[in-house]
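This briefing concerns strand pairing and helix packing in one protein chain. The structure is shown below for reference.

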Amino acid sequence: MGETDKDDLINIIEEEDKDLEIPNILPLMTLRDVVIFTDMLLPLFVGREKSIHAVEEALAKDRFLFLVTQKDPAIENPKSDEIYTVGTVCRILRMLKLPDGRLKALVQGISKAKIVRYVRKKTLYRVKIEIITEEPVKDVSLEIEALMRNVRENCEKLLLLRGELIGDVTTILDNIVEPGKLADLVASNLRLKIQDAQVLLELTDPLERLKKVNEFLSREVELSTMQAKIHSDVKDEISKSQRDYYLREQVRAIHKELGEEDEKSREIEEYAKKIKRAKMPKEAAKEGGEQLRRLEMMHPDSSEASIVRTYLDWLVEMPWSKSTKDVIVVKNAKKQLDSDHYGLDKVKDRILEYLSVRKLNPKMKGPILCFVGPPGVGKTSLGQAIARALKRKFVRISLGGIHDEAEIRGHRRTYIGALPGRILQGLKQCGTNNPVFMMDEIDKIGSDYRGDPSSALLEALDPEQNFAFSDHYLNLPFDLSKVMFILTANVTDTIPSPLLDRMEVISISGYMEEEKQVIAETYLLPRQIKENGLKKNNISISPGAMNQIITEYTAEAGLRNLERELGSICRKTARKIAEGEKGPFTITRNNLPKYLGVPKYYPEMDQENSQVGLATGLAWTQIGGEVLYVESSLIGGKGELILTGQLGDVMQESARAAVSYAKSSLKGLGVKENFLENFDVHIHVPAGAIPKDGPSAGIAMATSLISAVTNRSVNKDVAMTGEITLRGRVLPIGGLKEKSLGALRSGIHTIIIPEKNKKDLEEIPKNVKRKIKFVPVGNMDQVLSVALLNESQASKPKIKGKKGKPAKKKVQA
């Protein structure tokens, strides 16, 4: 704006100030991010349709426009309740139309006002207003004068810190004698939040407004002072860094003249030697040389130099060419495995096969073995035994619960604190490129927005790809083909199929009572005696007591709880010896409860008698095989099906299929065809607090229901597993070995299995087949002939009606 424009503007303001009559109805224009105070001169760019109509209407009349700030700047077309009620009546001094259709207007605040009501809201806002008048401060006391002086001084200090102080500002501030006008002038030039500025605008008391402005001004002075200090410190630090660099270069030049070597040169030379000693592949050596040249050109204390040093440390410490020499004597390896583990013949045979092939072909690729079985069966300790048999280093990591792909592949170097993945970390830790690498809990890997770790493992565990495994941190191919990977899992259901396809799965079902007794006496008890500071002659456990511990104090496929119970006995014995009692101490069946308390489990079944509607099924869980009871009851009703016991979708479908089969077979069972129309069928699988699912409970549900319908008891000594079709065919199932061991632990000696599972009997140990009678069946008729007792042996329970009374209709068997 030139000098002529300024004079014209001053003339306009003086002319308009002579006679100001503000109408009580004015067009309203909303502002997004500014609050206008009285006497404030401000240019505005107007682009919204309603705002343009409001400006045009004001120009068509007396140039008065009511400006109010909207509560949320992000709203394009605010409603009446989204606009503050107090604003400022302004006069449009100048208006210019821009080529893009917007308006540029210069406005000046005249007086504060508040909205009484909205007169129009469609094309523009037109409101009825009430002018807010302020009574001038007549008597300026010493306190008011001191407050005004403090505001002037803080305002000058703030402008000085910002570098915006000019001579005219001091004169303008000194010439204002009214507290209200001084508050409005200072507030209009502070960078206040919309909410704070609106609070100031709505204060009608000039003194209160000036005090509030003084608070905001003091805070801004403190912030600007701190900002200036930070800026000064940064500037000083930069100057210091430049000075230090210059001095170091001078020292370096002096050392060079004296024939001495400085610290940086020694570091570079040391890294060069390490790169050469590491015997890296050509690609890795080339990358190491490039990073070394970068480090040489950097300032030693820069953050980038620290990142490069860390990368070089990882690069030179990776076992690129370091490997342990396999000492393969198959007979010695067999002795080693037998001394560490009892049983597990299939697993041992597979390991010895690998060692034999490795001896004949040293360049063979490492296998990917996956041990699957319940907790406590010795999966992890088997990996350690393999490492000892091969004379290799052993590395173990747990993958349970990890969600981040970077845990496997590492972080990229652009991130602060980046590191390689856990595979390369393990290799660096052991110092060789051919260890036995165990990954525990492969079935418990998760995935989320950070990536899928199981997908990242595909490359590492694929023998056709892992010779050039790429980690994000090193960003170089590393050969993993010499590593023998061993993975462990409780179940295979949660392992992604592409990952499962790359592994050779070896199942470890669990141990029988005889095996547990041998393991406890040979391995567990001697270990607990040693760990608790006892000697062999201090304690002995009789075979009967050991068998009682196994059957009545533990109920598991593995050995962890058994070892805990033996540890508890050893601790109590150690306490007795420490208190002065003399041994030796012999634990028998009679005194065992003094050490372990009352028995926790009983080997016999929960069913004391065969009952109507109660069938025994078999389940396969993460901790091994278990007995699963299925209860059915008929209640007077309308033929509805009630399912309880937290059954999953698959088990619910099995229950519906069982009911449909039972309804279609009523005539063949000697029951009227419409019998179930007058009864609700309730199928329950205890315990109700445990979620259950799986496809092998169909025949147990059908047997339980048909037992209730025909009033014939189910033999308590018979367990069954198999899925059912609507035609009554019995479909094959999985986990037969685990289920058989679970049934044996529960005292069951007859198991009904699907006909197509006969081939799986070869996997079951001979001593288990001697104790359990397996009955293969192809349809439900065969199941019922084995499971249901004769009518003479069955009890006749009453069927309850709707209100708990005996039903009038009797079961016709």
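Contact here means heavy atoms within 4.5 Å. The model is predicted. The points below cover a helix pair, a β-α-β unit and an open sheet.

**Packing of α22 and α23**
- Helix α22 (residues 649–664) and helix α23 (residues 698–710) pack at an angle of about 45 degrees, and their axes lie 8 Å apart.
- The two helices, α22 and α23, are therefore oblique to each other.
- The crossing of α22 and α23 is right-handed.
- From α22, Met651, Ser654, Ala655, Ala658, Val659, Tyr661 and Ala662 meet Gly698, Met701, Ala702, Leu705 and Ile706 of α23.
- By class, this contact comprises 10 nonpolar and two polar residues, with no charged residues.

**The unit containing α22**
- Helix α22 also belongs to a left-handed β-α-β unit with β19 and β20.
- Strands β19 (residues 641–644) and β20 (residues 679–684) pair in the parallel sense over four bridges.
- Leucine 643 has isoleucine 683 in β20 as its bridge partner.

**The five-strand sheet**
- Five strands, in the order β8-β9-β12-β7-β13, form an open sheet with parallel pairing.
- β8 (394–398) and β13 (504–507) each have a single partner strand, so one side of each of these edge strands is left without a neighbour in the sheet.
- From one strand to the next, the twist averages 20 degrees.
- Within the sheet, β7 (residues 368–372) pairs with β12 (residues 484–489) in the parallel sense over five bridges, and cysteine 370 stands opposite leucine 487 in β12.
- Helix α15 (residues 422–430) packs on the sheet and touches β8 and β9 (436–440); the direction of α15 makes about 140 degrees with that of β9.

Definitions and conventions: Residues numbered from 1 in each chain as written. Predicted model: local features only at pLDDT ≥ 70, side-chain atom pairs only at ≥ 80, totals over all residues. Heavy atoms only, no water. Pairing = 2+ DSSP bridges. Right-handed = clockwise from strand over helix to strand, strands pointing away. Axes fitted to C-alpha atoms, helices over the stretch in contact; angles between N-to-C directions. Parallel < 35°, antiparallel > 145°, perpendicular 65-115°, else oblique. Left-handed = near helix turned anticlockwise from the far one by under 90°. Nonpolar A, V, L, I, M, F, W, Y, C, P; charged D, E, K, R; others polar.
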